[in-house]
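Colleague: Please take one part of this model and go through it closely. I'd like to hear how its helices sit against each other.

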Amino acid sequence: MGWSLNLGTIAGTTIRVHFTFLLLLVWIWLMHYQIGGTAAAWEGVIFILAVFVCVVLHEFGHITAARYFGIRTPDITLLPIGGVARLERMPEEPGQEFAIAIAGPLVNVAIAVLIFIALGGPAAVEQMAEIEDPRTNFLVRLAGVNVFLVLFNMIPAFPMDGGRVLRAALASRLSWSRATQIAAAIGQGLAFVFGFVGLFYNPLLIFIGIFVYLAAAAEAQNAQIRQVATSVQVGDVMVTEFARLERSATLDEAVEMLLATTQHEFPVVDSAGHLIGLVTRDDMIRALKEKGPAAPVTSAMRSDIPKIHYRKSLEESLRLMQEANAPAVAATDNMGRLVGLLTHETIGEMLMVRSAVPDAFRFGRLRGNGPRTARPSG
């Protein structure tokens, strides 16, 4: 998630907040200020912060369940409509996904129950009818929000937790890809409903609809990639014609190469052709501003780029890329020399070719004749 602020790390998971959440706080402050003045405005902000504490606890419900199955969660990002936890890999079994998906809403159920008990049970439930009124009891409104989070998240469509529960149920009888396509299609249909209703009632639903549609589409694409990746090798889709930078290169030389090519990622190699790092366009420009054109390119590169033999499966390379949150994976030969690059862009191109010609990876170099030697540009 770009445009996000790092709030710190809890139990190995980085907490980030998207900048749009800050805009939400400003909007809530103004709305409450019009109703009850400054005191009401700050109470509204505190309430939203309390809600997002509940959202963080919701996400840590997912995280705890994922860790039980050996899946780490590098970070979570808070958005105006909830949180997004990034798993290092997808669950391997439908039962695992079901447990991870349901763990989040169960946390909200527990929070709501505890608040209801503290407030006297039935009396608190009756007050929930006026949850939108800022003058309603703070804890009653917070309990009501947690109930809403449970109901909203359990809608059986991506990207909500209910969509993952639905996929887990479908995957017990159908293929993972088909189950994902069904859940994603329901999510996209629901997105149009949100958008249509938002035109007449609440514009916020339009924003939610856009997010739901994009998230469902992304989930469907990820499932498609996962299906294809099991039968494709890294050498089938890697880029073999690319510019590379020597260890001794400067940022000035890197910028010249950036302008002379269409690449966004540039591998840095030693004299034997072994990868020592990768410099992206954004890192290059950032270092250029901070250190100047004479600085070595090694000062701007990432050295944690995963490496994999070009004969390995694409599925394994995708796992390495996701675990490292890396922009690329380096493909190597038997001597450990760099022979190709696998990026998100090349994966997207593979899907386009695959959709146009389903048997494309049975022809030519894609049959596995080995990598060609990459020619430096410029």
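Modeller: Axes here are lines fitted to C-alpha atoms, for helices over the stretch in contact, with angles from 0 to 180 degrees between N-to-C directions. Helices are DSSP runs (H or I, at least four residues), numbered from the N terminus. Bear in mind that this is a predicted model, with local features needing pLDDT of at least 70, side-chain atom pairs pLDDT 80 or more, and totals for chains, interfaces and linings using all residues. Residues count from 1 along each chain as its sequence is written, and side-chain values use heavy atoms, leaving out hydrogens and water.

Let's look at H5, residues 161-171. Its axis comes within 8 Å of that of H2 (residues 94-119), crossing at roughly 160 degrees, so the pair is roughly antiparallel (over 145 degrees). The crossing is left-handed (near helix turned anticlockwise from the far one by less than a right angle; clockwise is right-handed). H2 brings Pro94, Glu97, Phe98, Ala101, Ile102 and Pro105 into contact (heavy atoms within 4.5 Å), while H5 offers Asp161, Arg164, Val165, Arg167, Ala168 and Ala171. That's 8 nonpolar residues, 4 charged and no polar ones.

H5 also meets H6, residues 176-200: those axes come within 8 Å too, at roughly 145 degrees, but this crossing is right-handed. On the H5 side you'll find Gly163, Leu166, Arg167, Leu170 and Ala171, against Trp176, Ala179, Thr180, Ile182, Ala183 and Ile186 of H6. By class, that's 8 nonpolar, 2 polar and 1 charged. Notice Arg167 and Ala171 of H5: they touch H2 and H6 as well.

Conventions
Helix = DSSP H or I, 4+ residues; strand = E, 2+ residues; numbered from the N terminus. Parallel < 35°, antiparallel > 145°, perpendicular 65-115°, else oblique. Nonpolar A, V, L, I, M, F, W, Y, C, P; charged D, E, K, R; others polar.
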